[in-house]
Amino acid sequence: MPNLLKIIHRYHYDAVLFAGCLAASTFWLLWFRVFEVTVPISLSIGIAVAGLTSGGIRRWPAVSMGIFCAFLLLNSFHVGVEPVATTAALTIGGICTAWVIGRTSVESSDLLEPQALLRVLGAVAIGSLVAAAISGVGIALMRPVELPTEIVGRWIRFGLGMMIATPLVLVWAATPMQRWHIADWLGLASLLAITTAVASWTFLRNDTDPIAWLVYPPLICVALVYHLRGAVTATAIVTLIVLCGTSLGLGPFALAPPHSRTLLAQGFVAVVSASTLLLAAFADKRRLDAHRKIAEQRYRAVFDQHGVGVALLSLDGTYLEMNARGLEICGYAREEIVGADYRLLEPNAPPYGTNLPSAGALGGNCDVSEERAILTRQGNCRILDVATNIVRRPDGTPDHLIAVSNDITERVEARNALAESERRLRLALEASGTGVWEIDLPQMRLHHSAESACLFGQEPREDALPFESLKEIIAEDQFELLTTAVSKAAIAGGVIDCTISVLPANERKRWLRMYGSCDLQPDKPRLLGLVMDVTRDFEAAARLREANERLLGVARLSAMGAVASTLAHELNQPLAALTNYIATCKYIAKARTDTDPAELDALDQANVQAQRAGGIIRRIRAFAQTGEIETQLISFSAIIESARASIQHFNLFKGATLDCDFDTQPATILGDPLQLEQVVTNLARNALEATQHRSEPWLRMVTRVSEEEVLVEIADNGEGLDEAMLSNLFEPFRTTKTTGTGLGLPICRTIVEAHGGRLWAENRVEGGAVFCFALPRAHPLREVVA
């Protein structure tokens, strides 16, 4: 069944053409049998010409089969020379007529034009003559006839059949120019009825009084009102009535001799049909002209009053027309632009149409839209959005170009300014290390710019990330701080301004300040703002605080230096008196006969310590005033042994264990022995104080001598040093003791550095702390040479 439907769909036109030729030929043969006279009109050749003209000459087999089958059906399938000759003549005549019509470039849709109709009538004359000659020669070969008379008679019949049937088929098969309504159909039917009545009253009566031309007025009415459709239908009806009445000996032509009646009727029908068709064609043309004029006026109104520029150009780029808006854009007058080359507006443009696809130039549509720069008459540059399309002829070949242009200069300038502004903003953000972020409040998703993602230590990406993803780089307390700030800004519809610390992977800690505002759009509430790296600000603030603290420490040290200088001056007198009193006590003790040697030894020790205290006070006073030390070559081991002896007299030493590991290699250093001994004893005292809460406190002293320096380590088994204390351990006035001043370690460090050494501290792995200082060695031979 599907194959059958395909076959029917493919050959339905051939089937219709076959049926039409079969019906017309059957009508022709039945007429001959009924009236026993030669049929005065051949409708089959007219239908054949119409079918071959609209469907193509290749459909000639359907014409031949339709005509030949009519002869077979009515002659009981007896085939002679006449059916073959007639079939061949009608087929060849139809092919010849259709070929001539095609050679004159007349399409089936052009038959409403008077010129086209005249060319069709000329083709009908040629084709009918060819058919008449072929069929006349065939008949002459079969029986003796007067060949010229036979050919003329057939020429008239065939031509009349083409004149009546061909326009009838083609006009009704063509698409109407306007849609017909019921009133139009009723009006046409009424006029056709009137025409039929007048023609019947004139040509189907024995009364010879009626005039044959009485049929003309209704035909004219039909032609003027309903044009070709009505005219071809009415002429077909009148033709059949006239020829039928004449064949029956009725009507005005019955007065003529029998041999000329048919010829007169045929001539009358030909004249009436041709004149009616031409009149209808001219009426159609006038109506078409009126419609075209109205369409032209509408087109011109739209063309001239359109809000965008419209220009028509030839295929080589010559301006054919331009509307008022286009002239306003380019600044030229219509006389200046029409006939000019497109390079008048685009001096540096490539040849016009080079940007059009070649496929579009050959077939199909070609629509190109682009931005083009033109130079106006005033010398200004304007940017146009131009859409160019090819307008084609009915045969599909390119005819001209139509270009629709819209002035987008301001839009392009605004776009360029926006792009430049965005570029500057991007450069400014990149230079300042500032990023842009956006938080989608309903979904709590965070979108970064590239700079913002880098600041947060994340990879730049186009899509948004969950807000919870910040937990990977932000500490819990910092994430809670940021979440609270976001919630407050979202609830209050205000701004967010918070500083958080982030720790990206494989990077140092970074401080970021997030500042933004809330955009509470109904469809997309969000927070939008900037993020800046303020790590340098934080570090600068920390350094400033540190500098301020050091400045305060320097001020305190300066004050302490002044106090130390005053105390040294004030204590020097009591110590001198103390030394004198000790000497006096020793003199009195020696004067006694029962003097105890222990008393004399104690007085000697007291004298030594008093003199030592005086020396320390004098050196502190000198160091506080000048910052210089008195240096001399001293034995490093002697300083350590003196310091150990002093440590063992401390009250804190009771119950403690002193473990000594001294390097036996002799070493000489250049410095002040009293100040260096003071450093060792002070570090030892701090170590003993750190072990007071231990059940078995111990102190370890280690010395090491190398080629360039000597090293001293004083370790304990106390609680160790706090990590926060290690960073500022040697700063003045920083202490963990309730009774400490925070000056011991800074003074020790100052003394060590004044001797060209270094002092540091660290925690022991086993517990407790260790203080170390290193001093450069002095080589006596080098000093002498120097």
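Okay, quick definition before anything else: two strands count as paired here if DSSP finds at least two bridges between them. With that in hand, look at β10 and β11, which run antiparallel and are joined by nine bridges. And keep in mind throughout that this is a predicted model.

Let's stay with that pair for a second. β10 and β11 make a hairpin, with four residues between the two strands. If you want a spot to click on, Ser517 sits opposite Leu528 in β11.

Now zoom out to the sheet. It's an open one with six strands, and the order goes β8-β7-β6-β11-β10-β9, with antiparallel pairing. Which strands stand at the edges? Those are β8, residues 465-466, and β9, residues 495-502; each has a single partner strand, so one side of each has no neighbour in the sheet.

Then there's a helix on the sheet: α15, residues 476-492, packs on it and touches β6, β9, β10 and β11. The direction of α15 makes about 170° with that of β9.

Back to the pairings. β9 runs antiparallel to β10, and eight bridges join them. There, Asp497 stands opposite Tyr515 in β10. Further along the sheet, β6, residues 434-440, and β7, residues 445-448, are also antiparallel, with four bridges between them. Trp437 has His448 in β7 as its bridge partner.

Okay, leaving the sheet. Ser128 is in helix α5, residues 114-142. Buried or exposed? Take a guess for Ser128. The relative accessible area of Ser128 is 1%, and the cut-off for buried is under 20%, so Ser128 is buried. Setting aside its neighbours within four places in sequence, Ser128 contacts Thr97, Trp155, Phe158, Gly159 and Met162.

For the opposite case, go to Ile211, in the loop between α7 (182-203) and α8 (216-247). Ile211 has 52% relative accessibility, and exposed means over 50%, so it counts as exposed. Ile211 also belongs to a nonpolar surface patch of about 510 Å², together with Trp201, Trp213, Leu214 and Val271.

Last stop, helix α21, residues 744-754. The buried residues of α21 are Leu745, Pro746, Cys748, Ile751 and Val752. What covers them? The cover includes α19 (673-690), β17 (758-763) and β18 (769-776). And after α21 comes Gly756, with a positive phi near 80°.

That's my tour, happy to rotate things around if anyone wants another look.

Technical notes: Residues are numbered from 1 along each chain as its sequence is written. This is a predicted model: local features need pLDDT of at least 70, side-chain atom pairs count only at pLDDT 80 or more; totals for chains, interfaces and linings use all residues. Side-chain values use heavy atoms; hydrogens and water are left out. Buried means under 20% relative accessible area, exposed over 50%, partly exposed in between (1.4 Å probe, protein chains only). Contact means heavy atoms within 4.5 Å. Patches are made of residues with over 30% relative accessible area and no salt bridge: like charges are joined within 9 Å, nonpolar side chains (Val, Leu, Ile, Met, Phe, Trp, Tyr) within 5 Å. Accessible areas come from the Shrake-Rupley method with a 1.4 Å probe; for residues, only the protein chains shown count as cover. A salt bridge is a side-chain nitrogen of Lys or Arg within 4 Å of a carboxyl oxygen of Asp or Glu. Axes are lines fitted to C-alpha atoms, for helices over the stretch in contact, and angles run from 0 to 180 degrees between N-to-C directions.
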